[in-house]
Amino acid sequence: MLQRMSGVFIGAFFGTVFVVANAHDPLNPSIGIALRVLAVLTFAGLLALALRAGRLGRPVVEDAEAARADWFRGKFAFVVAAEAVLLIGGNLALRAAGAPQETAVAWIALIVGLHFIALMAVWKRRSIAVPGIALTVLGMTGLGMAATSAVAWVPFVSGVLSGVALLGGCAYAVTHTYRSAVRPVSPRLPDAQ
């Protein structure tokens with residue numbers, strides 16, 4: 001459970017960063033502050049809920065997507081290395097091409113989304129497809145918006161909404177884990193013959 005939760009908290013942390021870093025103009029300042037506070041409180045709540053589940057000491061019921069002991073090795077390292085190269089190289093290429101500054105967050109959302117889709121195949125966990133697809137679509141949408149008069153809204157669409165998608169996906173994972181921890185584990189009955 002610890003490996004799975006560490007991945008969830010990495011996602012929740014970066015979801016919070018997406019919101020905190022991008023909830024600014026053209027949003028109303030009050031709305032920007034409210035979104036930042038809500039993101040930080042959501043992260044803190046997820047952390048508290050996971051710690052509570054861990055303290056209950058009951059075995060967590062695994063779903064059909066069983067946990068793996070080698071989550072952060074092998075193909076995972078390749079996916080993360082490719083992500084880093086694409087993040088840096090793509091942002092340098094966008095700058096060299098004279099793209100608006102706002103495209104940086106759209107590119108980050110796109111690559112992070114694609115990284116989740118790749119990890120879905122590596123980890124055999126369908127649950128990460130939803131935030132992966134959401135971030136990919138929000139990143140592509142932001143890149144498309146960069147060529148329009150709506151460029152100022154790219155940080156909201158590709159940044160804030162991507163953060164909300166990450167936090168939502170992490171909330172789903174943590175609440176599923178919490179429910180499994182508080183639900184009594186019933187003994188398996190022998191199959192009737």
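What share of the contacts in the chain with a separation of 6 or more comes from residues 24 or more positions apart? In this predicted model, such residues account for 77% of those contacts, and the stops below visit some of the places where distant parts of the chain meet.

**The whole chain**

Begin with the chain in a cartoon view, coloured from one end to the other, and follow the pattern α-α-α-α-α-α along the sequence; the secondary structure consists of six helices and zero strands. Switching to a surface view shows an accessible area of about 10900 Å², 70% of which belongs to carbon and sulfur atoms. Of the 193 residues, 37% are buried.

**Aromatic rings on α1 and α2**

Select Phe9, Phe13, Phe14 and Phe43 and show their side chains, since these residues form one aromatic cluster. The chain has four aromatic pairs in total, one of which is the edge-to-face pair of Phe13 and Phe14, with ring centres 5.3 Å apart and planes at 75°. Neither ring belongs to a buried residue, because Phe13 has a relative accessibility of 43% and is therefore partly exposed, while Phe14, at 46%, is partly exposed as well. Now turn from Phe13 towards Phe43: their ring centres lie 6.4 Å apart with the planes at 70°, so this pair is also edge-to-face. The pair joins distant parts of the chain, as Phe13 is in helix α1 (residues 2–22) and Phe43 is in helix α2 (residues 29–55), 30 residues apart.

**The end of α1 and the loop after it**

Next select Asn22, which is in helix α1 and is buried, with a relative accessible area of 10%. Leaving aside residues up to four places away in sequence, Asn22 touches Val105, Pro155, Phe156, Gly159 and Val160. Moving on to Pro26, you arrive in the loop between α1 and α2, where the peptide bond from Asp25 to Pro26 is cis, with omega near 10°.

**Helix α3 and its two sides**

Select α3 and look down its axis. The 22 residues of this helix should span 32 Å at 1.5 Å a residue, and its end C-alpha atoms are 31 Å apart, which agrees. Colour Phe76, Val79, Glu83, Leu87, Gly90, Asn91 and Leu94, the buried residues of α3; seen down the axis they fall within an arc of 95°, so they line one face of the helix. An α-helix has 3.6 residues a turn, so residues three or four places apart point the same way. The cover over the buried residues of α3 includes α4 and α5, whereas on the other side of the helix Phe78, Val85, Ile88 and Ala96 are exposed. Just after α3, select Gly98, which takes a positive phi of about 80°.

**The nonpolar cores**

Which residues have the most contacts inside the largest nonpolar core? Select Phe18, Leu119, Trp123, Leu135 and Val154, which hold that place in a core of 21 residues. Helices α3 (75–96), α4 (103–123), α5 (129–145) and α6 (154–182) each supply at least two residues of this core, and α4 gives the most, with eight. A second core of 11 residues is separate from it and includes Ala12, Val19, Leu167 and Val174. In soluble globular proteins, nonpolar side chains tend to be buried together.

While α4 is in view, check its length: its 21 residues reach 30 Å from the first C-alpha to the last, close to the 30 Å expected at 1.5 Å a residue. Lys124 follows α4 and has a positive phi, near 60°.

**Leu135 on α5**

Finish on α5, whose 17 residues should span 24 Å at 1.5 Å a residue and whose end C-alpha atoms are indeed 24 Å apart. The buried residues of this helix include Ala129, Gly132, Leu135, Leu138 and Met145. Centre the view on Leu135, which lies in helix α5 and is buried, with a relative accessible area of 0%. Which residues does Leu135 touch, not counting those up to four places away in sequence? They are Phe18, Ala109, Leu110, Val112, Gly113, Ser162, Ala165 and Leu166. For Leu110, which is 25 residues from Leu135 along the chain, the two C-alpha atoms are separated by 5.9 Å.

Key. Residues numbered from 1 in each chain as written. Heavy atoms only, no water. Helix = DSSP H or I, 4+ residues; strand = E, 2+ residues; numbered from the N terminus. Buried < 20%, exposed > 50% of the residue type's maximum accessible area, 1.4 Å probe, protein only. Contact = heavy atoms within 4.5 Å. Areas by Shrake-Rupley, 256 points an atom, 1.4 Å probe, with all protein chains shown as cover. Phe/Tyr/Trp six-rings, centres within 6.5 Å; stacked < 30°, edge-to-face > 60°. Core = buried A, V, L, I, M, F, W, Y, C linked by side-chain atoms within 4.5 Å. Expected span 1.5 Å × (residues − 1). Arc of directions from axis to C-beta.
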